[in-house]
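Here are some short exercises on one structure. Try each task before reading its solution.

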Amino acid sequence: MDKVMASAADAVADIPEGASLAVGGFGLCGIPTVLIGALLAQGADGLRVVSNNCGVDGQGLGILLAAGRIARVTGSYVGENKEFARQYLAGELEVELTPQGTLAERLRAGGTGIPAFYTPAGVGTQVADGGLPWRYGPDGSVSVASPPKETREFRGRTYLLEEAVITDFSLVRAARGDRHGNLVFHRSAANFNPLAAMAGRITIAEVEELVEPGTIDPDAVHLPGIYVDRVLGPVPADDKGIEKRTVRTREERH
């Protein structure tokens, strides 16, 4: 039951080339920075990442991207990473864009054994009809396009079928965790972290505070340890980047 790993290197040592990863976080909030850094040092490439976004230039998943280690991204927002845009438009990176709520539910469904679900998000757009450019060719043409999705009517409204996401590994960050893998997330860091953790066949969680089993009140557990296979902690809590700094004075804001 003791899932604590000796080091970050040990925690990610068996992630192979071409592995699929669900990674928690939103922007730079709640991202597993220590595990991402360990994976960079470990050397696996051709990674297929499922995450809300792919970090920013020089931070988060952006460091794996800059090193050419990510082959495919499934996400919902990519607007803060210039290297991401360059690789995508140059045909070096395959990108599946999906509505944010759909992405969240695809991860949750994967973790709860639901193979697919119907949603109205994307009906009447290329999300449903197909044709979104997943990969560009060197000449700027679309070499891989999204396929059309099955649609069906319920109570007079059209819905499209979305498949659940299950990944080889998940990397997440929590504020607090015990040796059994029970996790507590701090405020907005509970963004995609619980959902990403649920979707992985092997889930690795870095925690800022590591406590003994029984310390966390069961009613306070955000994600039960049944979803977590490895725990790394305690990790530094002062490694959090700020995506957009406020430059106005308090008086100017008011």
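**Exercise 1. The pocket lining**

How do the residues of the lining of the largest pocket divide into nonpolar, polar and charged?

Solution. The model is predicted, with local features needing pLDDT of at least 70, side-chain atom pairs counting only at pLDDT 80 or more, and totals for chains, interfaces and linings using all residues. Residues are numbered from 1 along each chain as its sequence is written, and side-chain values use heavy atoms, without hydrogens and water.

Step 1. Take the lining: 22 residues. A pocket is an open set of points on a 1 Å grid over the protein atoms alone, where a 1.4 Å probe fits, with protein on both sides within 12 Å along at least five of seven lines; lining residues have an atom within 4 Å of a point.

Step 2. Sort the residues. Nine are nonpolar, eight polar and five charged. Here Ala, Val, Leu, Ile, Met, Phe, Trp, Tyr, Cys and Pro count as nonpolar, Asp, Glu, Lys and Arg as charged, and the others, Gly among them, as polar.

Step 3. Locate the pocket. Leu-28, Cys-29, Gly-30, Glu-208 and Lys-240 lie nearest its centre. Both α2 and β10 supply at least two lining residues each. Helices (H or I, at least four residues) and strands (E, at least two) are DSSP runs, numbered from the N terminus.

**Exercise 2. The core**

Which element gives the most to the largest nonpolar core?

Solution. Step 1. Find the core. It has 30 residues; Val-12, Ile-15, Leu-39, Leu-47, Ile-70 and Ile-204 have the most contacts inside it. A nonpolar core joins buried Ala, Val, Leu, Ile, Met, Phe, Trp, Tyr and Cys residues through side-chain atoms within 4.5 Å. Buried means under 20% relative accessible area, exposed over 50%, and partly exposed in between (1.4 Å probe, protein chains only).

Step 2. List contributors. Among those supplying at least two residues each are α1 (8-12), α2 (33-42), β3 (70-75) and β10 (167-178).

Step 3. Pick the leader. α2 gives the most, with four residues.

Step 4. Look elsewhere. Another core, of 21 residues, lies apart; Leu-107 and Phe-185 are among them.

**Exercise 3. Unusual backbone**

Where is Arg-155, and is this residue buried or exposed?

Solution. Step 1. Place Arg-155: the loop between β8 (151-154) and β9 (157-163). Its phi is positive, about 50 degrees, although Arg-155 is not a glycine.

Step 2. Check accessibility. Arg-155 counts as exposed because its relative accessibility is 79%.

Step 3. Add the cis peptide bond. It joins Gly-233 and Pro-234, with omega about -5 degrees. Pro-234 sits in the loop between β13 (230-232) and α8 (250-253).
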